[in-house]
Amino acid sequence: MNQDEDVSPHGMWSSRWLFVLAAVGSAVGLGNIWKFPYLTGANGGAAFVLIFLVTTFIVAVPMLMAEVLIGRQGRNSPVNTLRILVQQHRRSGWWVLIAWFGMLAGILILSYYSVAAGWALYYMVMMASGAFDGVTAEVANQTFAAFTGNPWLLGLCHVIFLTLTVIIIGKGVVRGLESSNRWFMPLLFLLLLVLLGYGMMSGGFSEAFAFMFDFKWVDVTTSTWLTALGQSFFTLSLGMCCMMSYGAYVPSNASIPGTTAAIALISTLVSIGAGLAIFPIVFVNGLEPAQGPGLMFVTLPLAFGHMSFGALFGFLFFLLVSFAAITSAISMTEPALAYLVEEYNASRSRVAVTLGVLCWMIGVGTVLSFNVLADFTVDGSRTIFAFIDHLTQNIILPVCGLLLAVFCAWRLPRLVVQSQLGIRSRSIWWLWQLFIGVVSPLAVAVILVMGLFPCVLTQDCGA
Ligand code: PHE
C-alpha cells in the first residue's frame with residue numbers, strides 16, 4: 001500500500017484530460033447505445049427518459065464525485081483504498097465490504113456484457129459482408145432471432161470478445177487504449193449524427209421525439225423508478241468502485257466537480273442520441289419498441305441497409321460500438337485486477353486470464369438464456385441473463401452507491417472532502433452535504449424499497 005506520496009502505485013493519468021477520456025471510455029458503452037434505448041422502449045418512453053435524467057443528475061452525479069474523491073484520497077485499489085481510509089480515520093472495517101461487492105458486480109456484469117458485445121462483433125462482420133443491403137424489417141428480426149437462437153455462434157462471439165479484453169488488460173496497454181478514445185469517441189458521435197440525420201429524414205422522427213419526451217405521469221410506475229435509477233448507475237459505471245479505481249490515478253490538481261460533470265454530460269448525450277437514432281426506425285417500420293435486448297440489432301441494420309454507403313457506415317458503427325464496449329469492459333475488471341496485483345503481487349496477465357475464465361463460465365448462462373434455457377427462470381420470472389442484470393444493476397450498484405455516499409458524507413473528515421473537491425464556500429459545502437449525505441442516499445433507499453417491494457405502497461406485504 002502506498003500512503004506516503006500523493007501518487008498511485010499503479011501509475012497516474014498524465015493529465016486530467018486523460019482521466020476524462022478514460023472515464024468517458026468506461027461510461028460510454030453498450031449501456032448507452034444498446035441498453036438505454038431498449039429500456040426506454042420497454043418502460044414507457046418519456047416516463048423513463050425523464051426519470052432517468054432526474055436520477056442521473058440529482059442522485060448519480062454527486063455519487064460519481066464521491067467515488068472519484070474517495071479513490072483519489074486512497075490512491076489504491078478500492079479494497080485497499082477503503083482499508084486505508086477506515087484505518088486512518090478509525091472507522092469500522094465493514095466499509096471495506098463495499099469494494100468486495102463492487103468487484104463481484106464487475107465480474108457478474110462483464111459476464112453478460114461480453115455476450116452482448118459479441119453480438120456487436122458479429123453485426124460488424126455481417127454489415128461488412130453486405131448481408132443487410134436493402135433488408136426488410138421481417139428479415140432483420142429473423143436474422144437476430146436465428147443468431148441468438150444459435151448457442152454455438154453466440155458462445156463463439158462471447159469468447160472472441162472476452163479474449164480480446166483479456167489480451168488488452170493482460171498486456172497492460174489499457175492506458176494506450178484509453179487515449180485512442182480521443183479519436184474513436186468523436187467518430188462514434190459522428191456516426192450517431194449520421195443515424196440521427198437518417199432518422200429525421202425517415203418520417204418517424206416526430207413520433208420518436210414524442211415517445212421520448214412527451215412525459216405523462218400515468219406511465220410512471222415504481223419499477224420505472226428502479227429501472228431508471230439502476231440505468232443511471234450502470235451507464236456512469238457507478239456503484240461498483242470502478243470510478244473509485246480510476247479516481248485513484250487522477251492527478252491532485254484536477255477538479256473533480258468539473259471532470260465528473262463533463263463525464264456525466266457526455267454519457268447522457270450519447271444515450272439520448274442513441275434513442276433519437278433508433279426510435280424513428282422503430283416507428284417507421286412498425287416495430288415493437290418494447291421488444292427488449294434485440295432492439296438495436298433489429299433497427300440499425302434497417303437504417304444502414306437503406307442508406308448509401310450503408311455497409312461501410314454500418315461496419316464502422318459496429319466497430320466503434322465494439323471498441324466502446326471494450327473500454328467499458330476493461331474498466332469493469334480494474335477494481336479486481338488492481339486488488340489482486342497489489343495483494344498477491346501477481347502478474348497482470350495471470351490475473352487477467354483468471355478473471356476472463358471466470359466471466360466466461362458465468363457468461364455461458366447468459367448465452368443459453370437466449371436459446372436452450374430461454375424458458376428456464378431463476379426466480380420464477382427472470383432468465384439467467386435477466387436475473388444477473390437485475391441483481392447487479394438494480395440492487396448491488398445502487399446499494400453500494402448509497403453506502404459510499406454515506407461513507408463520504410458522514411465518515412470522512414470534513415477537511416479531507418473539502419480539499420478534494422476544492423470547496424471553500426460554506427454554503428456550497430452545505431449544499432454538497434445536503435445532496436451526498438441526505439438527498440441522494442434517501443432517494444436511492446426509497447426507490448429501492450418501492451421498486452423491490454412494491455407491496456409496501458399498497459400495504460399488502462403480508463398477503
Ligand atoms: N458504463 C458502461 C456502459 O454504459 C458499463 C459499465 C458498468 C462499465 C459498470 C463499468 C462498470 O456501457
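**Entry 1: the ligand shell**

I began with the surroundings of the ligand and found 14 residues around it, of which Ala 27, Gly 31, Tyr 113, Phe 234 and Ser 237 come nearest. I note at the outset that the model is predicted. I then sorted the shell by class: six residues are nonpolar, eight are polar and none is charged.

**Entry 2: polar contacts of the ligand**

Which atoms of the ligand have polar partners in the protein was my next point. On the oxygen side, I found a polar side-chain atom of Tyr 113 at 2.6 Å from an oxygen atom of the ligand. For nitrogen, I recorded two entries. The side chain of Ser 237 places an N or O atom 3.0 Å from a nitrogen atom of the ligand. Thr 235 contributes through its backbone, with an N or O atom 3.1 Å from a nitrogen atom of the ligand. I then looked up the cover: the ligand on its own has 320 Å² of accessible area, and the protein covers 100% of it.

**Entry 3: the site**

Where does the ligand sit? I located it in the largest cavity. I next listed the elements that give two or more residues to the shell around the ligand, and these are helix 1 (16–27), helix 2 (30–42), helix 10 (222–235) and helix 14 (310–344).

**Entry 4: Arg 75 and Arg 90**

I turned to backbone angles. Most residues other than glycine have a negative phi. Arg 75 is not a glycine, yet I read a positive phi of about 65° for it. I placed Arg 75 in the loop between helix 3 (46–74) and helix 4 (78–88).

Arg 90 also is a residue other than glycine with a positive phi, here near 50°. I found Arg 90 in the loop between helix 4 and helix 5 (97–128).

Is each of these arginines buried or exposed? Arg 75 has a relative accessible area of 2%, and because this is under 20%, I entered Arg 75 as buried. Arg 90 has 75% relative accessibility, which is over 50%, so I entered Arg 90 as exposed.

**Entry 5: Cys 461**

Last, I looked up Cys 461, which lies in the segment after helix 19 (455–458). Its relative accessible area is 46%; because this value falls between the 20% and 50% limits, I entered Cys 461 as partly exposed. I also checked Cys 461 against Leu 412: the two are 49 residues apart in sequence, and their C-alpha atoms are 37 Å apart in space.

How values were computed: Residues are numbered from 1 along each chain as its sequence is written. This is a predicted model: local features need pLDDT of at least 70, side-chain atom pairs count only at pLDDT 80 or more; totals for chains, interfaces and linings use all residues. Side-chain values use heavy atoms; hydrogens and water are left out. A residue is near a molecule or strand if one of its heavy atoms lies within 4 Å of it. A polar contact is a pair of N or O atoms within 3.5 Å; within protein, one must be able to donate a hydrogen and the other to accept it, and residues adjacent in sequence count only if both atoms are side-chain atoms. Accessible areas come from the Shrake-Rupley method with a 1.4 Å probe; for residues, only the protein chains shown count as cover. On a 1 Å grid over the protein atoms alone, a cavity is a set of points where a 1.4 Å probe fits but cannot get out, and a pocket is an open set with protein on both sides within 12 Å along at least five of seven lines; lining residues have an atom within 4 Å of a point. A molecule sits in a cavity or pocket if more than half of its atoms lie within 2 Å of its grid points. Helices (H or I, at least four residues) and strands (E, at least two) are DSSP runs, numbered from the N terminus. Ala, Val, Leu, Ile, Met, Phe, Trp, Tyr, Cys and Pro count as nonpolar, Asp, Glu, Lys and Arg as charged, and the others, Gly among them, as polar. Buried means under 20% relative accessible area, exposed over 50%, partly exposed in between (1.4 Å probe, protein chains only).
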